[in-house]
Each structure stands twice: as C-alpha cells, then as structure tokens.
Amino acid sequence: MSVIALLHFVVGCGAVIAGFTSLLVKKGSTVHKQSGRMFMVTMLLLSLSGFYLSYARELQFTFLLSAFALYLVVTGWLAVWHSARDRTHVAKCELTFSVLLCLTCFAWFFLGTALNWSPPETEPPYGAYAFIGVCVSVFMLGDIKWLKKGQTSEDNHIHRHLTRVGSSMLLATTVFFLGNNHVLPESMRTMIVLLTPIFSVIVITLFYRFTYLRFRKGT
C-alpha cells in the first residue's frame, strides 16, 4: 500500500468517526461544531487523495465519486458559513459545478454504452455512471432552486446543510463499508454489519432533515 493510499484509508476512517459524532450529538453544541469541522477537513482530504489515486490507477468512476463527495461537503458547509452578500455568487459557482459533474457522468455513460467500451475490471458497469448522474441531478435541481430563491431564511440554510452533509456522510459510509470492507476482520464482513452504518446515516439524516427545525421552533 502506497503512502497516499494509506493516508486515504486513515482519513476515511477519521471521516466516518467524525461524521457519526456530528450526526449523533446535540446540534449546535461545541462537540457538534468541532466534529463537523473535522468531518469537513477529512472529507476534503479524502476527495483530494481520491483524485490522486484515481489518476494514478486510471480509475474514472472513483474520480467522479471523489468529485461528488467534494461537491456535497463543500456546498453543505457553505450553506451555514458563507456571508449573505456572497450568496448569489457562491450559488452560481455551486450550480456550475453540479451541471458540469452531471454532464460528465452522463457523457461517460452514453459514450461507454454507445461505443461498447469495456470498463476496467475494478470499475462498475457504465450504468453506475448514469446512477451517479441521476443523484447529482437531484442536487443540481436543488442548486437551481437555491439560486432562484434570492433571499433565504436561516431555516433554508439549515435544511440545505443537513441534507448535503448527511448525503456526503452516506457516500463516505457506503464506499467504506461496501467498497473497502476488505480491511475489516472477516467476522465483521456480514451484510448486517456492513449495512447497519449505511442505513443508520439514512435514518438519522432524514430524522433531522424533517424534524429538527420543528423541534427547534417548539423549544
């Protein structure tokens, strides 16, 4: 294992730990903010090392996953941290990135299937590119609505933050537990053990996405 690959693995472990901590603790608390910052930093490092490993190993699908993860965590962070006066400019940049990423995913899908390219042995079939393209397009539509809103409330920012950070955490846990589970002891490589963290992220994210603001207003 190369130094970059080892760093990628270690940072990935840190991202999963920091992400679950941020999801489970009280929102707005010091632990939540610190673990959230740690999650953002580790996800940035994970995406950058993913770009390098994708280039070094000639892997196109993981390159797109790294770009998707980078997009989700950055836009989720910007939803609660950038100033209101910069919102339109930032929203345009976010939409531009999501459009380009979406087009790239579908371009690879159509070219791969139309020209009958054989994907590398370690890569999924080209249908997976279309699936990622559909996922990106959902967030792209969110970027369009976000740009059209103009004035946005604090509730809008929190909703966007919860959805995108939770989605980046879902991507990180899915890749870790389903794509890289060979690093785990064989006794842990059962479907129940591997799927539990993934479904936990989904449940927790949906819970906070649809109940947190209602609970906050009632307190």
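**Close-up views of two pockets**

**View 1. Helix α6 leads the lining of the largest pocket in this predicted model.** With 10 residues, α6 contributes the most to that lining. The helix spans residues 154-179, and it shares the job with α1 (3-24), α2 (30-57), α3 (60-81), α5 (127-149) and α7 (191-218), each of which supplies at least two lining residues.

**View 2. The centre of the largest pocket.** Here we move in on the residues that lie nearest the centre of the largest pocket: Leu-65, Leu-171, Thr-174, Val-175 and Phe-176. They belong to a lining of 50 residues, around a pocket with a volume of about 1,400 Å³.

**View 3. The chemical make-up of the largest pocket's lining.** Sorted by class, 31 of the lining residues are nonpolar, 16 are polar and 3 are charged.

**View 4. The second largest pocket and its centre.** This pocket has a volume of about 680 Å³. Its lining is made of 28 residues, and those closest to the centre are Gly-28, His-32, Val-80, Trp-81 and His-161. Two or more lining residues come from each of α1, α2, α3, α6 and α7.

**View 5. Who gives the most to the second largest pocket, and what is the lining made of?** Helix α6 gives the most to this lining, with 8 residues. By class, the lining of the second largest pocket holds 14 nonpolar, 9 polar and 5 charged residues. For a friendly look back at View 1, α6 is also the element that gives the most to the lining of the largest pocket.

Note on methods:
Residues are numbered from 1 along each chain as its sequence is written. This is a predicted model: local features need pLDDT of at least 70, side-chain atom pairs count only at pLDDT 80 or more; totals for chains, interfaces and linings use all residues. Side-chain values use heavy atoms; hydrogens and water are left out. On a 1 Å grid over the protein atoms alone, a cavity is a set of points where a 1.4 Å probe fits but cannot get out, and a pocket is an open set with protein on both sides within 12 Å along at least five of seven lines; lining residues have an atom within 4 Å of a point. Grid points are joined across faces, edges and corners, and a volume is the space filled by probe spheres set on the points. Helices (H or I, at least four residues) and strands (E, at least two) are DSSP runs, numbered from the N terminus. Ala, Val, Leu, Ile, Met, Phe, Trp, Tyr, Cys and Pro count as nonpolar, Asp, Glu, Lys and Arg as charged, and the others, Gly among them, as polar.
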